[in-house]
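Visitor: I'm new to reading protein models. Could you walk me through this one?

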Amino acid sequence: MADGKIQSSLHTPDYEIDLNELTGIWYRRLRVGDNLGRFMEAQFVSPSLQESNHTLRGAIDSLDVFQLDHYMKHRIAGNKFQQLKLAQKIGMTIPETLMSNQLKPVKAFYQSNDEDIIVKMQSSFSIYDQQGEENVVFTNKVDQNLLEDADALQLCPMKFQINLTKKRELRITVVSDRLFVAAVDSQKLETAKYDWRKEGSTLLNDWYQYEIPTKLESQIFQLMDFYQLNY
């Protein structure tokens, strides 16, 4: 801060940006310090990440410009418990769901749904192996092996849902008051049946425009309005 004015700039190996010259910000999947663990001892990673996040987001918050959308709105909208409750409240049909780190209720859920359930994480993240290779955690069908590993489940809660046989996969994008729907036949590939992203490159040219019922479109906009999101 100088002369009563906040001066902010962002430096990277390739360029420098004067943040005060920005007229708008698109906040999209920002992962501050995502690779710190490769260069820093483990005990220092968490505090360094916290300081880095506070610094960058503090600088962004100090700017009087339009943001698409503010990161706190995304953080609130990412609450899967609230998402499901709100979706059900406005009339959407949601699959039977269990979130737990206890093996007993998971086994009961598995048995009560004809041993046909899937498991997914509540957040998006990658795991790096000892060679530094990125491994993404996809949605998978639950098998007996998972149901025998009580210790691993206890350390990391997971999200279980009844497995729905898909006719097609939809990806719906909302921008302000416009809605864009794309569809793909993910079921034509065995490895994409539970998560099309496993074959994202293979299916790249298979997407096509699709229309959804007017009622569902209205419900999606209700979700957007609740979270005050433009995108």
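Guide: Sure, let's start with a term: a salt bridge is a side-chain nitrogen of Lys or Arg within 4 Å of a carboxyl oxygen of Asp or Glu. Keep in mind that this model is predicted.

Visitor: How many salt bridges does the structure hold?

Guide: One of them joins D116 and K141, with their closest N and O atoms 3.5 Å apart. That falls under the cut-off, which is within 4 Å. Counting up the whole structure, the number of salt bridges is 4.

Visitor: How many residues apart are D116 and K141?

Guide: D116 sits in the loop between helix 5 (103-112) and strand 6 (117-120). K141 belongs to strand 9 (residues 140-141), so this pair links distant parts of the chain. Their separation is 25 residues.

Visitor: In the salt bridge between D195 and R197, is D195 buried or exposed?

Guide: The closest N and O atoms of D195 and R197 are 2.5 Å apart. R197 has 38% relative accessibility, so R197 counts as partly exposed. For D195 the value is 5%, and buried means under 20%. So D195 counts as buried.

Visitor: Which residues gather in a patch of positive charge on the surface?

Guide: One member is R31, in the loop between strand 3 (24-26) and helix 1 (36-39). Patch residues need over 30% relative accessible area, and R31 has 45%, so R31 is partly exposed. The full patch is R28, R29, R31 and R171.

How values were computed. Residues numbered from 1 in each chain as written. Predicted model: local features only at pLDDT ≥ 70, side-chain atom pairs only at ≥ 80, totals over all residues. Heavy atoms only, no water. Patch = residues over 30% accessible without salt bridge, like charges linked within 9 Å, V, L, I, M, F, W, Y side chains within 5 Å. Areas by Shrake-Rupley, 256 points an atom, 1.4 Å probe, with all protein chains shown as cover. Lys, Arg positive; Asp, Glu negative; His and termini not counted. Charge placed at Lys NZ, Arg CZ, Asp CG, Glu CD. Helix = DSSP H or I, 4+ residues; strand = E, 2+ residues; numbered from the N terminus. Buried < 20%, exposed > 50% of the residue type's maximum accessible area, 1.4 Å probe, protein only.
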